[in-house]
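I set out to look up how the domains meet and what lies in the core, and I kept these notes as I went along.

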Amino acid sequence: MATVTERVHSPRERPEHVRHTELGKPVTFLEAIREALWEEMERDDAVFLLGEDIGVYGGAFKMTDGFLDHFGPDRVIDTPISEAGFTGAAAGAAHMGLRPVVEMQFMDFVSCAYEPLTNYIATSRWRGSGPMPIVVRGPVGGGVRGGPFHSQNPEMAFFHTPGLKIVYPATAYDAKGLLKAAIRDDDPVLFFEHKKLYRAPALREVLPNEDYVVPLGKARIHREGSHVTIVTYGAMVHESLRAAEQLAAEDGIEVEVLDLRTLLPLDDDAIVESVKKTNRLLVVHEDTRTGGLAGEIAMRVNEKAFEWLDAPILRVTAIDTPVPYSPPLEDYFLPQVGDIVTACRYLAQY
Amino acid sequence: MAETTGVTAGGALAAGLSRDQLHEIYYYLQLTRQVEQVLTHLYRQNKVIGGLYRSLGQEATAVGSAYALRRRTDGTGDVISPAIRDLGALLLMGARPVDVMRQYMAKGDSPTGGREQNVHFTDYDRGYIGLISHLGVMIEVMAGVALSFRLRRQDRVALVYAGDGMTSTGAFHEGFNFAAVQRLPLVVIVENNRYAYSTPVSRQTAAASFVDRAPGYGVVGEQCDGNDVLAVYEMTRRAVERARAGEGASLLEVLTYRRKGHAEHDAQAYVPAEELAYWEARDPIDRYEKRLLEEGWATREELDAIAGRVAVDVDRAREEAEASPMPEPEAALHGVYGDLPVRRPWTRAAAVDPHNA
């Protein structure tokens, strides 16, 4: 799509807060996502943003701070509080060749857009109504004392829907590259950003200054190991890495940590390859237990690598409750490093 | 074509329309009714796979409104999304009767390849987007279509049809409010045909009429007799002109009546017989015919010739649709994603191997 909009504001130099990579400075997870959005909007006039408080206010997490000034109100649209309404509108715009990026102020609210996403958007191509180049992105996850409605991990509500893709990055590099890939993808992508990672100092990294994408559907090994495989994603990648370090130091157990990065489609090959190497599998997710991704992964490994397993497939997950608010309750709800260590020890000794 | 009476500027006879245009409207009213009559026969022969949804008695709302649009075949015209009883609008925008029949008969060469049914299909060149069964979402989607027109500075209009039942959904509100706030070129036509399946309008809303909502959204609202095809045309044309001029969305209500059950299986036992008789006497096609003849805008012979032409067209479409093949089973696998295959059932492979599950 060539010229889609007339720029309200003439192109000019990027503001300071989206120039960190250009200047060779490290960026946070949040800044990496912001850069991806900015660069994709610069690269393609068909890309535009819809969401609550994303324009004048710059977003609840300041993700789109400065975007309205630069790209104008046609491409940075403050919507009424109506997740279904503006997600459905994104579908209409996508029909006509635009590439909307929809922000959920918190991904918890994506449940309000379940209808357009699962019935309309996910089926559009298959129904013969054409591709749906839409990204729905926003903050997910607990550990920030957000309570039951600002802490959810709703990925599995969508995992069961053919036609959708689901991305859940764990590093700044991946967040930027995966979001760019998602925006350029012709299928609808749900893009989950763990809010605890947004400004985590440990995640700051210097990113390549040149344009890059991280392909959807490809997992990555964060840490090599030979005794136990942990398959995980999102913030739990970092908890798993901590557990792995502890196990290496205290028990001599070498854990391989596989970050899925994309949940739908799942990278079966990467999972199976790692299982064939370690013969033991632990799935760790921050999402609740019943109907969580661990169940699907276990089934796939059962189908593809049953003969290679030396122990049952185990999982460490959140408990099957809503996300509690009070710190002692939420800490009990969430999987902790100690839980992962315990599970790995059990597997290693099995 | 000779113009006999009531000639206004530029050869227009009524509502700014020429004799040819008035006849064209008659053609599409006839086409809608006759396509549905043939579909009814196919349904009774068990050749329609799913339900059959008739627009008997409300053809004028669909045809009159869509006639007010800029119709193109190259993707530059206005865009509609029909509701289930807007076959007339779809035909007017350029959908072919044979494709409608293939849709109903679940044929492999239907516009959706047998994946979807009835009027649930899309053609961006001709300007229509197929609805899904979840009511209200099309208001949101068409608001987005209208948004794209504004972002690209195109003077195109989006028109979306809603049944009276659809107005009760949250999606209707969210979609329409978004269009109103953004002042998008969207026309919403509420087709008040008195029933949503078996539920009368009195159980759908406490308001006296749907158009009363317009000031609440801050948009222009208009209501008209939905069985008067020219009144529907004129009201829609005004809304389309406002939209094209950048004056934002409109909420239109047409008062009509659904003379069949929700679908062909529904014997509409919940409808009083005298109500049906009342509306049968106000049939929109009969009314339009009478008007055309009385005003001298058409002769009986001309109308019969048009109806005869429609009958030939429809019969040819039926023959073609009946000859169409059913889809290949494995076609179900295709098109879920642009770049990802869907797995075949491993138990149906020549070499059964669960590793390929």
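I began with chain A, which is divided into domain 1 (17-203) and domain 2 (220-349), the bounds coming from an automatic or database domain assignment. This is a predicted model, in which local features need pLDDT of at least 70 and side-chain atom pairs count only at pLDDT 80 or more, while totals for chains, interfaces and linings use all residues. Residues are numbered from 1 along each chain as its sequence is written, and chains are lettered from A and ligands numbered from 1 in the order in which they are written.

I then looked up the centres of domain 1 and domain 2 of chain A, which, taken over C-alpha atoms, are separated by 26 Å. The contact (C-beta atoms, placed from the backbone, within 7 Å) takes 25 residues from domain 1 of chain A and 22 residues from domain 2 of chain A.

Next I turned to the largest nonpolar core, a set of buried Ala, Val, Leu, Ile, Met, Phe, Trp, Tyr and Cys residues joined through C-beta atoms within 7 Å, where buried means that 20 or more other C-beta atoms lie within 10 Å of a residue's own. Of its 209 residues, A:Cys344, B:Val63, B:Val160, B:Leu186 and B:Val188 touch the most other members. This core draws at least three residues from each of domain 1 and domain 2 of chain A.

I followed B:Leu186 further and, leaving aside neighbours within four places in sequence, found B:Leu186 in contact with residues including B:Met142, B:Ala146 and B:Val160.

Finally, I noted that 50% of the 357 residues of chain B count as buried, and that the C-alpha trace of chain B spans about 75 × 50 × 45 Å along its principal axes.

Technical notes. Buried ≥ 20, exposed ≤ 12 C-beta atoms within 10 Å, placed from the backbone. Contact = placed C-beta atoms within 7 Å.
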